[in-house]
Amino acid sequence: MKHNMRIFSAAAMLLALVWLSQAQTKRPNILIIVADDIGYGDIGPYGSKDIPTPNLDALARDGVRFTDAYVSGPYCSPTRAGLMTGKYPQRFGHEYNILPNSVAAAHATIGLPLTETTMADRLKAAGYNTALLGKWHLGSAPQFHPMERGFEEFFGFIDGAHSYMSPTVTKRNPLFEGRKPVADPGYLTDVLGDRAVEFIKRERVRPYFLYLAFNAVHVPLEATDKYLKRFAHIKDGERRTYAAMLSAMDDNIGKTLVTLDGNTIVIFFNDNGGPTFAGGRNGSSNAPLKGSKRTTWEGGVRVPLIIKWNGHIAAGKTYSQPVIQLDLLPTAFAAAGLKLGDAKNLDGVNLLPFLTGKRSGGPHETLYWRAGGMMAIRKGDWKLVRNSDNAFREEPIVLTDLSALELYNLKDDLSETKNLASTNPKKVKELADDWTQWTKGLAKPGWVLPPARGQ
């Protein structure tokens, strides 16, 4: 009798494991691809004429292209903090960028706060195999390491910038395989693409979440002859190298996409606008937008975003309601059929009902930005904005002098050329009051350090 019970128990356990495996494999794989510092107008789906991006073009044809997509900060680290948490990073003190480890003496306490639960934490707990390939930039001390924040696998670098092919340049910021530094194995963009293909091809029982965070096209400007030869016709050397780097990323996105099976939701976006400012530019163009990385004009915070999910989201669509990268966490969870117990504490919104037509209107009535001495708010077509030449050395802005603010109607003036503040004082005050009310729920910045140039 006991023998039969043991057999029954073992069979029941095996059936349970099979059922769990089948339930998990029905969940879609999740691939999030992040580009670094590309210009808004520099890829085909957003109007590029001189840099072919056939693989991103195909992704847009097969998915949804967003015209009014934003990020929650005009530079690298806060954007990634918002992606990982689904919250405005200013709510938990991640308002400023993170300096390179070789510069910041206080790095032991600087990073994505340990009180925050990451997307990888959540998906790992739900049974996903979680991996990060590429750039982290959310803290370099051991407690902030990706493998302490929900990623089971990590190949990449910790700080904000990395050489593409010269290991001696990045000696203080090495590549890591897990927690172990490794030698640079080749042109980094190609290596990350190869690693992504290897990860996707691997046999596994569990679905996966792959965060493929290219550092292309962030400085330093470095490209191999293979890619440079494609752009011999571009006379400006800076622009030529930038184009080569972007083309390399598009190639590697392509070889990653062709490796996928059909049950994968693919998300591509850029972390902020292209840096066009003196001393940090990379040859990018944000046309037709005004401004650059490190500003809250559209050129700093409006970014390309494409989402594809075969059989669930119609292909070849354009979506023009404002969205933000904070939405990607709840969207990925909804695609996976998972519930967020603390959804009310998040700022992101599940985009799927809006993309499938189950919900009308837009996901957000209002979007907000604060970055030291800079601010912005978009409500409908109206945008109120303030930038500062010294924003990264200033305490967070408090709106006391409304005369310094700029007001634009983005429907009529996407390039923010006509400041309407003087003729619409009531609208200025309405938006300023709304933004000030939002700031009451923000945390004091966890550190007050100006970002290094190019970060």
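A residue is called buried if its relative accessible area is under 20%, exposed if over 50% and partly exposed in between (1.4 Å probe, protein chains only). The model is predicted, so local features need pLDDT of at least 70 and side-chain atom pairs count only at pLDDT 80 or more, while totals for chains, interfaces and linings use all residues. Residues are numbered from 1 along each chain as its sequence is written, and side-chain values use heavy atoms, with hydrogens and water left out.

**Exercise 1. Describe the surroundings of helix α3 (residues 76-85).**

Step 1. Helices (H or I, at least four residues) and strands (E, at least two) are DSSP runs, numbered from the N terminus. The protein chain has 11 helices and 16 strands.

Step 2. In α3, the buried residues are Cys-76, Ser-77, Pro-78, Thr-79, Arg-80, Ala-81, Gly-82, Leu-83, Met-84 and Thr-85. With 10 of its 10 residues buried, the helix is therefore largely enclosed by the rest of the structure.

Step 3. Contact means heavy atoms within 4.5 Å. The cover over the buried residues of α3 includes β1 (29-35), α4 (119-125), β4, β8 (208-213), β9 (264-270) and α9 (328-335).

Step 4. After α3 comes Gly-86, which has a positive phi, near 75°.

**Exercise 2. State how α2 (residues 54-62) and α7 (residues 237-257) cross, then treat α5 (residues 188-201) and α7 likewise.**

Step 1. Axes are lines fitted to C-alpha atoms, for helices over the stretch in contact, and angles run from 0 to 180 degrees between N-to-C directions. Angles under 35 degrees count as roughly parallel, over 145 as roughly antiparallel, 65 to 115 as roughly perpendicular and the rest as oblique.

Step 2. The axes of α2 and α7 come within 7 Å and cross at roughly 50°. The two helices are therefore oblique to each other.

Step 3. On the α2 side, Pro-54, Asn-55, Leu-56 and Leu-59 take part; they meet Asp-250, Asp-251, Ile-253, Gly-254 and Leu-257 in α7. Sorted by class, this contact has 5 nonpolar, 2 polar and 2 charged residues. Here Ala, Val, Leu, Ile, Met, Phe, Trp, Tyr, Cys and Pro count as nonpolar, Asp, Glu, Lys and Arg as charged, and the others, Gly among them, as polar.

Step 4. For α5 and α7, the axes come within 9 Å and cross at roughly 5°. That makes α5 roughly parallel to α7.

Step 5. Residues of α7 that meet α5 include Ala-248, Met-249 and Asn-252. The contact of α5 with α7 has 5 nonpolar, 4 polar and 3 charged residues.

**Exercise 3. Classify the aromatic pair of Trp-136 and Phe-151.**

Step 1. Rings of Phe, Tyr and Trp (its six-membered ring) pair if their centres lie within 6.5 Å; planes under 30 degrees apart count as stacked, over 60 as edge-to-face and the rest as tilted. The structure holds 13 aromatic pairs.

Step 2. For Trp-136 and Phe-151, the centres are 6.0 Å apart and the planes 85° apart, an edge-to-face pair. Both residues lie in the loop between β4 (129-135) and β5 (153-157), so the pair ties together parts that are 15 residues apart in sequence.

Step 3. Trp-136 and Phe-151 are both buried.

**Exercise 4. Place Phe-176 in the structure.**

Step 1. Phe-176 belongs to strand β6 (residues 175-177). Its relative accessibility is 14%, so Phe-176 counts as buried.

Step 2. Beyond neighbours within four places in sequence, the contacts of Phe-176 include Phe-154, Phe-155 and Pro-181. Phe-155 is 21 residues from Phe-176 in sequence, with 5.5 Å between their C-alpha atoms.
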